[in-house]
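Me: I want to go through this model by its labels. For each one, I will ask what earns it.

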Amino acid sequence: MLDTKFACLSTSSASARKPDTVRCVDPVRNPYAPGAGQRPPELAGRDRELTVFDVVLERVARGRPERSLVLTGLRGVGKTVLLNTLRSQAIGRLWGTGKIEARPDQSLRRPLSAALHMAIRELAPHHRAPDRIDEFLAVLKAFALRTEGDTPTKLRDRWQPGIDVPAATGRADSGDIEIDLVELLGDAASVATDVGTGIALFIDEMQDVSPSDISALCAACHELSQTGAPLIVVGAGLPHLPALLSAAKSYSERLFRYQRIDRLDRISADQALCAPAEREDVEFQAKALDALYEASGGYPYFVQAYGKATWDHAPASPITAEDVRVAAPDAEAELAVGFFGSRYERATPAEREYMRAMAALTSNETADMDAAVLTAEIARALDRKPPARDALIKKGLIYCGERGTVAFTVPHFGRYLRTQPAPE
């Protein structure tokens, strides 16, 4: 259970402080870090995920079978931060690691080759047979320089990995991504076995991997799990990622360990705010924490954004609910530009109209602001069958969680849209 000190100050303890002990809040020492993938000063509420992954690493190290891992959740819940932290855990156990960020317009071959090259380079100093490493690098190079249909890549698209050995032939170079990936990852796992450790490949924005590449990745993970090979994939993506994996390979439901990353509960959100503040000798009143949780909804990115703005506006410690009230417009303005606005600007007028209709259907203040909406209700609200749904899904602005429903990938996006003036 969380230490009671992270519940922060009660009003009574704050009032008991003598006036001459009131401390200024220095903006230079502001500990909060609202940024894309930026680790917060206190990684609160993720102990379960860290413990699960530690068990996975230990089981693989002992030759026990274990599934790869998939993290899912909305934007702003800290998936990238958690992915990076899990990678640090693997590095701490002397695993070879590599990380990529998937893009919808890019084949998996080149980024995956670069990530695997990095992982093998981390293991190479511990391998007793340098020739064995060269043999694998030759296969890796052959994999990277092929495309679908067994056609060499164009010169301008070729990967330049700095591998001195010539590309191998007859291994991971068929041009069929599924065949090639199974062979490549199998060979990589064999190198890790030689060293007595493992390899972990981390894939962020995994929902953007193409269907053919997703299918190949599932097939490779399936093959590795059957042989007990010490190589795992750790993916992170939006809530509909499990459905994409299931559509690619029916057995993916049993192939991966799925973990839903959600908003922080109240105790964890308080810890995320209070622990770094305490290290700077600053405290929060209980009512200030109430106001911050109500404003942020417990979403880690919002916790950092409102925490940073409140710190900058607070004249002294303890920070009060009035400080939160005064600072909230600044936090909301920053979120409107960097978190909400940048995504809204990517949408076409028809797509914006669709999202506005979604927002209107979740306007009940007593309802869940991030609830799914029936597509049939959106069509009725627009008085036509809207064409924008699929485009918005491809842009990562909405997702289809259950058949016949859609929801925003960004928390509180509907609330943001309802504050914007309607187009003329």
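**Labels and their grounds**

Reply: Start with the sheet in this predicted model. Three strands form an open sheet in the order E10-E12-E11, and their pairing is antiparallel. Strand E10 (373-374) and strand E11 (398-399) are the edge strands.

Me: What makes E10 and E11 edge strands?

Reply: Each of E10 and E11 pairs on one side only.

Me: How do you know that E10 and E12 pair?

Reply: Pairing needs at least two bridges between the strands. Two bridges join E10 to E12 (residues 405-408), so the requirement is met. One of the residues involved is Val 373, whose bridge partner in E12 is Val 406.

Me: Which helix lies across E10, E11 and E12?

Reply: Helix H14 (residues 349-361) does, and H14 runs at about 95° to E12.

Me: Now the rings. Why is the pair of Tyr 299 and Phe 302 called edge-to-face?

Reply: Ring centres must lie within 6.5 Å to pair, and planes over 60 degrees apart count as edge-to-face. The centres of Tyr 299 and Phe 302 are 5.9 Å apart and their planes are at 70°, so both conditions hold. The whole structure has 14 aromatic pairs.

Me: Why are Tyr 299 and Phe 302 called buried?

Reply: Buried means under 20% relative accessible area. Tyr 299 has 1%, so the label fits. Phe 302 has 2%, so the label fits there too. Across the chain, buried residues make up 51% of the 424 residues.

Me: Which aromatic cluster includes Tyr 299 and Phe 302?

Reply: One that also includes Tyr 301, Phe 339, Phe 340, Tyr 344, Phe 408, Phe 413 and Tyr 416.

Me: What sits over the ring of Phe 339?

Reply: The charged end of Arg 343 sits there, 4.9 Å from the ring centre. Elsewhere, the charged end of Arg 109 sits over the ring of Phe 143, 4.6 Å from its centre. The distance limit for this label is 6 Å. Both 4.9 Å and 4.6 Å are within 6 Å.

Me: Turn to the backbone. Which peptide bond is cis?

Reply: The bond joining Ser 317 and Pro 318 is cis, with omega about 10°. Pro 318 is in the loop between strand E9 (316-317) and helix H13 (321-344). Most peptide bonds are trans.

Me: What makes the phi of Glu 205 worth a remark?

Reply: Phi of Glu 205 is near 55°, a positive value in a residue other than glycine. Most residues other than glycine have a negative phi. Asp 281 also has a positive phi, of about 65°, and is not a glycine.

Me: Where are Glu 205 and Asp 281 found?

Reply: Glu 205 is in the loop between strand E6 (199-204) and helix H7 (211-227). Asp 281 is in the loop between helix H10 (266-279) and helix H11 (286-296).

Me: Is Glu 205 buried or exposed, and why?

Reply: Its relative accessibility is 17%, under the 20% limit, so Glu 205 counts as buried.

Me: Why is Asp 281 called partly exposed?

Reply: The label covers values between the buried limit of 20% and the exposed limit of 50%. Asp 281 has a relative accessible area of 46%, so it falls in between.

Me: How many helices and strands are in the chain?

Reply: The chain has 17 helices and 12 strands.

Technical notes:
Residues numbered from 1 in each chain as written. Predicted model: local features only at pLDDT ≥ 70, side-chain atom pairs only at ≥ 80, totals over all residues. Heavy atoms only, no water. Helix = DSSP H or I, 4+ residues; strand = E, 2+ residues; numbered from the N terminus. Buried < 20%, exposed > 50% of the residue type's maximum accessible area, 1.4 Å probe, protein only. Contact = heavy atoms within 4.5 Å. Axes fitted to C-alpha atoms, helices over the stretch in contact; angles between N-to-C directions. Phe/Tyr/Trp six-rings, centres within 6.5 Å; stacked < 30°, edge-to-face > 60°. Lys NZ or Arg CZ within 6 Å of the ring centre and 35° of its normal.
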